[in-house]
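Got the viewer open? Let's take a short walk through this one, stop by stop, with something to select at each.

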Amino acid sequence: MATHNTGEITLSRTLGLLDITMIGVGAMIGAGIFVLTGLAAGEAGPALVLAFFLNGIVTTFTALSYAELGSCFPEAGGGYLWVKEGLGGTQGFLAGWMSWFAHAVACSLYGLGFGRFAVELILLVYPGAEAWARPLTLIFMVFIVILFAYINFRGASETGLVGNVVTIAKVIILGIFIAFGIGAMVRQPDLNIFTDSFLPHGIGGVFVAMGLTFIAFEGYEIIAQSGEEVKNPKYNVPRAIFLSIIIVVIIYVFVAVVAIGAVKVPAEVGPIPVWEYLAQAKEVAIVRAAEQFMGGWGGILILISGLASTMSALNATIYSSSRVSFAMGRDHNLPDLFGRIHPQMHTPHWAVVFSAILVILMALLLPIDEVAKAADVMFLLMFAQVNVTVMTLRRRRPDLDRGYFVPFFPWPAIIGIITNLALSIFLAIETGRVGLVSLGWIAGGMLLYWGYFRKVEEKKRPLEIILREALVSVDYSVLVPVANANQARELGLLAAMLAKEHRGEVLALHVVRVPPQLNLTDGRLFLKEGRVPVYRVIDEVKKYDVPVHTMIRLGRNVPDAITKTTVENASDLILFGWPGASGTNERMFGSVIDRIISNPPADIAILRSSEPFTQDRLRRILVPVAGGPNCRLAVDTAVALARNTPEPTQITLLHVIVNGVDEATAQARANTAFRRASEGIDYTLEKQVAHASSPVEGILEAATDADMLIIGATKERFFINLLIGNVSQRIADEAHCPVLIVKRRSTVLKSMLRETVLQPVLRSSKLKSEE
């Protein structure tokens, strides 16, 4: 087992289904149910039952995403690693940074809660200790944090064993409380309180109570943090998440029922509703309820349960906080010290130590109540990121071995995003300083990441680019991905002509796909065969005095590598060769094009050439126009090529009128299409109107004497069909001339929607024969 970052750093798998379920239950049934129940009852009244139930539903939407991602990414770090994989380094760092802070603050809150409950027990024996309540609380807090930090240092099995014992004891005590409460309700039934005044403060009061108590439902996130130490995580992580939520929601709802239904307002307090009495009792509301229907020993039992609750929650959150910081250290998003593992204990000892120090410092120095609310905001924002991630990875990584799939996808994730953002905004606005604290922590993290950790991360990352020539600063760049040498000449010729028109450059790219069973750096073995196609492009481009550069890149996923190169190089156009035209593996290269054209990061052009062509053979270019969004790009491309041929080249704009359509209307549409396609272009354009039984027949007939056919995609489904369906076969196979298909890049909004909400178009989609 490596103790430094020179090799693969992993944790031991020692946790079973019971262990991680108890970790989640222990984190969720923490100090929240004791401290917040009274305050939430004051806001919602008897509808506190509804608030707990709705929080369980809201939590479930995000838990579905956690279950799917946890089943296919069983590594320490949980949401941080998933967001990093799905949304990129910056979003990933932000998710980890917020998660570390939020869990550390929750630890501080639980530590102070433990200290306060311990002092309350001491006061029962020695009331004079009231004067020392605050320092005693802090002493107990420091002691319990150090104790559980040591337990976490010892290992996950010890952590799980202690956590199981504490959590089971806590559940048993709460079960006794619920049983006595139900007994009191049966003996003195007064259930009209749930019908006569169920919503004393309206539905708004329910939302306020949900915001107050949502922190009590976040523990399932810790289950995902433990994925690297779980036996059979593919199945156990999803099961543990749902089991823990079901257990917790049942307990919370029954606690709310008996707290509202079994408690009587003492006569000396006055004629006020029971929920106002509980609100006045604040953090000891459950203790006061237990004293009523369980007797004096009931209050002591609840205090003991409070101690058990805070201990189990503290145990779980120290565990989670250290695993997040460990994962960030392993990825060089925190100092490397965080990513080291103890040689004997096989635990991230430095991550545990520094997390414990952060917990203690926050409890001693900061206004913990305000900071805890800020932590709640950060939990909610991170949950929203995870919901976006599960949608993104469904599209980008369909190859992942998922043990669980979110049902009715993508609607649960969308609802999760909306509810998480709504609750976080509500909390930030409800208490103004919370928003400032949240922004301060996020801004500080971004400064650290962009100023330092991002550079370190890039230096330590396995080198993806194994051959790269320095690029010049130009305003236009054509990226040419080449899989082999067969199409390199034609692609090099077209790329040179287009780049020359815009005084730009050509970047020839070859991606070496490294299979999962090999390390990424092993792809260097394929460097020699990758040189051949890019050098063929260089030879062609240099004939036209255009700057040309090369790059050979390693990657697990070819579309992602091409997209990353496009973004890094700020390329304006990606020029592909038609899949299968030269006998290459059509299925693999076709899937590359499919992935990129569905959400293009730059303008796209795809060349289909049945036989080699040369620059001097481009005497007539035919451009079908129908008024679609890509028609103008097709015309601009034709003009760029025509201006860089040795002899004058004729460009003909073609509009096909389908037989049977009203002639006057069709001619008006043709004139509009011609006007939009040619407006502002300083080049002579011929116009032709053809009548045919279908647009495809008209295009093929008009292309009989053309040297090239350039088609602008009118809509995505048609464009997909041009590549893989019947329409593409008829045009590409029957046209005697080369075919160039173009499509504009996606807008920011469309790009975001295509990466998340919109489903990818499948190869089995119903084909359309429309223009």
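Start by selecting leucine 365, which sits in helix H16, residues 349-365. Keep in mind as you look around that this is a predicted model. Is leucine 365 buried or exposed? Its relative accessibility is 65%, so it counts as exposed, the cut-off for that being over 50%.

Now add Trp350, Val353, Ile357, Leu361 and Leu364 to your selection. Together with Leu365 they make up a nonpolar patch on the surface. The accessible area of the whole patch comes to about 540 Å².

Next stop: threonine 637. You'll find this residue in helix H24, which covers residues 631-642. Threonine 637 has a relative accessible area of just 10%, so it is buried; anything under 20% gets that label. Which residues does threonine 637 touch, leaving aside those up to four places away in sequence? Select Leu498, Ile710, Leu740 and Val742 to see them. Then show leucine 633 as well: its backbone oxygen is 2.8 Å from a polar atom of the threonine 637 side chain.

For the last stop, pick proline 738. Look for it in the loop that runs between helix H28 (726-734) and strand S11 (739-743). Proline 738 is in a loop, yet it counts as buried because its relative accessibility is 8%, and the limit is under 20%. Finally, select methionine 708 too and draw a line between the two C-alpha atoms: proline 738 and methionine 708 are 30 residues apart in sequence, but 5.0 Å apart in space.

Note on methods:
Residues are numbered from 1 along each chain as its sequence is written. This is a predicted model: local features need pLDDT of at least 70, side-chain atom pairs count only at pLDDT 80 or more; totals for chains, interfaces and linings use all residues. Side-chain values use heavy atoms; hydrogens and water are left out. Helices (H or I, at least four residues) and strands (E, at least two) are DSSP runs, numbered from the N terminus. Buried means under 20% relative accessible area, exposed over 50%, partly exposed in between (1.4 Å probe, protein chains only). A polar contact is a pair of N or O atoms within 3.5 Å; within protein, one must be able to donate a hydrogen and the other to accept it, and residues adjacent in sequence count only if both atoms are side-chain atoms. Contact means heavy atoms within 4.5 Å. Patches are made of residues with over 30% relative accessible area and no salt bridge: like charges are joined within 9 Å, nonpolar side chains (Val, Leu, Ile, Met, Phe, Trp, Tyr) within 5 Å. Accessible areas come from the Shrake-Rupley method with a 1.4 Å probe; for residues, only the protein chains shown count as cover. A salt bridge is a side-chain nitrogen of Lys or Arg within 4 Å of a carboxyl oxygen of Asp or Glu.
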